[in-house]
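The following exercises concern the structure shown below. Each task is followed by a solution in steps.

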Amino acid sequence: MTPSAKSQLPVAIIGAGPIGLAAAAHLTAYGLPVEVFDAADRVGANLLGYRHVRLFSPWRWNVDGAARALLTDSGHQVADDDRLPTAGELVDEYLEPLARTPALAPHLRLGSRVLAVSRAGFDKLRTAGREGADFVLRVLDRDGLHERRASAVVDATGTWGQPNPLGIHGLPVPGESSAQARITHGMPDIAGRDRARYAGRHVLVVGAGHSAAGNLLALAELAAVQPRTRITWAVRGRDLRRLFGGGALDQLPARGELGMRLRALVDAGRLDLRLGFGVAAVMPDAAGLRVEAFDPTLAPIEGVEEIIA
């Protein structure tokens, strides 16, 4: 294939979230053809999984410049201020209108799961000239299995849909698979849709990220009206200063407020904090689950009814 012919192949973007659609907007601005693939039937599908969560960053930091230009050209105005959108608002008011713009809509392939990416004509043993070959994407959609050619590939799938298991090695621990019905990843809607699942139960939150902080605060609010709700927080490390953040001096005020609220929760003893607790196993016990630590000197966490990882 000549270079001029190869340049007519689209850039394949895998993932139709904020990054994937912004990448498509930039490539379109440069006059390059694109195809955007997403396994879901809607753009921003991962965001919709926690649409109730308010973001740390304001509207003006969440809207890409090239994407804003496409929206303006199509007559849609998106916020450009210091208000904090929810994840759902980001999809409803920004990503979905962006996906409908004439520049992107014809090139969006929703319900199309990319199963594999390779180079045309090259197997595992052949390497000479591989870098100049077309990319080949094997794509499964509602019409079956297809192969698509691309000049380049942008992986914008992120990690939200592929969460870490409980184990400290990035692998599921013994008993984790059989306990999956009691394990949730990410940020369930504790105050709304998932309230009944957690009210009055012993809930273990595993992890020290900001998602964990948000879950802990939501559980504490639930425990205030459902006193039988018990909260245990297992953290692999022993220093929470990074999660508590910069407080009033944090560059993202909402993030700083989250850290201060979580610190107050810990200082008030409203949860059972287990530091240095790397999960080694999840076993059934009489009241639910028994979660064991890698450090044999640490007592297990017993009677766990729900886990949020």
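A residue is called buried under 20% relative accessible area, exposed over 50%, and partly exposed in between (1.4 Å probe, protein chains only). The model is predicted, so local features need pLDDT of at least 70 and side-chain atom pairs count only at pLDDT 80 or more, while totals for chains, interfaces and linings use all residues. Residues are numbered from 1 along each chain as its sequence is written, and side-chain values use heavy atoms, with hydrogens and water left out.

**Exercise 1.** Determine whether His 202 is buried or exposed, and describe its surroundings.

Solution. Step 1: locate the residue. His 202 belongs to strand 9 (residues 202-206); strands are DSSP runs of E with at least two residues, helices are runs of H or I with at least four, and both are numbered from the N terminus.

Step 2: apply the cut-off. His 202 is buried because its relative accessibility is 2%.

Step 3: list the contacts, meaning heavy atoms within 4.5 Å. Apart from neighbours within four places in sequence, His 202 touches Arg 230 and Thr 232, as well as Ile 301, Glu 302, Gly 303, Val 304, Glu 305 and Glu 306.

Step 4: examine polar contacts, which are pairs of N or O atoms within 3.5 Å; within protein, one must be able to donate a hydrogen and the other to accept it, and residues adjacent in sequence count only if both atoms are side-chain atoms. A polar side-chain atom of His 202 lies 3.0 Å from the backbone oxygen of Gly 303, and a polar atom of that side chain is 3.4 Å from the backbone oxygen of Glu 302.

**Exercise 2.** Describe the buried residues, the N-terminal cap and the end of helix 5.

Solution. Step 1: in helix 5 (residues 65-73), Ala 66, Ala 67, Arg 68, Leu 70 and Leu 71 are buried. These buried residues pack against helix 2 (18-29) and helix 6 (87-99).

Step 2: the N-terminal end is capped by Asp 64, with a side-chain oxygen 2.9 Å from the backbone nitrogen of Ala 66.

Step 3: Gly 75, just after the helix, adopts a positive phi of about 90°.

**Exercise 3.** How many salt bridges are there, and which parts of the chain do selected pairs link?

Solution. Step 1: a salt bridge requires a side-chain nitrogen of Lys or Arg within 4 Å of a carboxyl oxygen of Asp or Glu. The count by this rule is 21.

Step 2: Arg 142 pairs with Asp 41, their closest N and O atoms being 3.5 Å apart. This pair links distant parts of the chain, 101 residues apart: Arg 142 is in the loop between strand 5 (135-141) and strand 6 (144-150), and Asp 41 in the loop between strand 2 (34-38) and helix 3 (45-48). Both Arg 142 and Asp 41 are exposed.

Step 3: Arg 68 forms a salt bridge with Asp 80 at 3.6 Å between the closest N and O atoms. Arg 68 lies in helix 5 and Asp 80 in the loop between helix 5 and helix 6, 12 residues apart. The two ends differ in burial: Arg 68 is buried, whereas Asp 80 is exposed because its relative accessible area is 52%.
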